[in-house]
Amino acid sequence: MADSHQTLRCPACGEEMQKVFVPSQGVNIDICTKGCGGIFFDNREFRMFDEQDENIDDIIQAVENNDFKEVDESLPRYCPACGAKMAKNFSSIKKKIQVDECYACGGKFLDHGELTAIRNEYENDLERTNDVMKFVYNEMGVDFIHQDATKSDRRRSPLQKLFNKMIGL
Ligand SMILES: [Zn+2]
Ligand SMILES: [Zn+2]
């Protein structure tokens, strides 16, 4: 991909997406904070990024209201990074989450609703958070370290906090 710093347009609703660099994982994600709440995962060439100090608190706040646009998931979607048509794939977590995938550049898009849809499937918050994070980390190609209940609060990463907000915890 030529320029990972460019602002992307959400493939689901067309709004500008907001970039979030997550230093602990060395990855960059784009979130549709102004539109539908969807998330785009870049391909894995993130490590060129040097915006180590970027603070994602604003974005965490932005997804807190959960007041996102409805989108028509049956419409074709085009990769915001390279323009290729994206293909729908069922991913893990009980096959509940459908991911739009770009076979040309490796980008992936997740609807906000796809994360919220799994809310009621779990007995407790920690189990749910762990599963969502495992899925998300897997999509990003990084290892997920399972958290135990006693340490979860202190060790929660910014990305994890963000996804907690996105699934309404
Ligand atoms: Zn959107
Ligand atoms: Zn692409």
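**A zinc site in a predicted model**

In this predicted model, the accessible surface of the protein comes to about 8600 Å², and 44% of that surface belongs to carbon and sulfur atoms. The protein has 5 helices and 6 strands, which run β-β-β-α-β-β-β-α-α-α-α from the N terminus on.

Student: What makes Cys79, Cys82, Cys102 and Cys105 the donors of the zinc ion (ligand 2)?

Tutor: A donor is an N, O or S atom within 2.8 Å of the metal, and the SG atoms of Cys79, Cys82, Cys102 and Cys105 coordinate the zinc ion (ligand 2) at 2.3 Å, so they count as donors. Along the chain these donors follow the spacing C-x2-C-x19-C-x2-C. Two of them link distant parts of the chain: Cys82 lies in the loop between helix H1 (57-62) and strand E4 (87-90), while Cys105, 23 residues apart from Cys82, lies in the loop between strand E5 (98-101) and strand E6 (108-110).

Student: Why is the site of the zinc ion (ligand 2) called tetrahedral?

Tutor: Four donors count as tetrahedral if all angles lie between 85 and 135 degrees; the angles among the 4 donor atoms here are 101 to 120°, and therefore the site is tetrahedral.

Student: Why is Cys105 called buried?

Tutor: Buried means under 20% relative accessible area, and because Cys105 has a relative accessible area of 17%, Cys105 is buried.

Student: Why does Cys82 count as partly exposed?

Tutor: The relative accessibility of Cys82 is 40%, and partly exposed covers the range between the 20% cut-off for buried and the 50% cut-off for exposed, so Cys82 counts as partly exposed.

Conventions: Residues numbered from 1 in each chain as written. Chains lettered and ligands numbered in written order. Predicted model: local features only at pLDDT ≥ 70, side-chain atom pairs only at ≥ 80, totals over all residues. Heavy atoms only, no water. Donors = N, O, S within 2.8 Å, 3.2 Å for Na, K, Ca; no water. Tetrahedral: all angles 85-135°; square planar, octahedral: opposite > 155°, others 65-115°. Helix = DSSP H or I, 4+ residues; strand = E, 2+ residues; numbered from the N terminus. Buried < 20%, exposed > 50% of the residue type's maximum accessible area, 1.4 Å probe, protein only. Areas by Shrake-Rupley, 256 points an atom, 1.4 Å probe, with all protein chains shown as cover.
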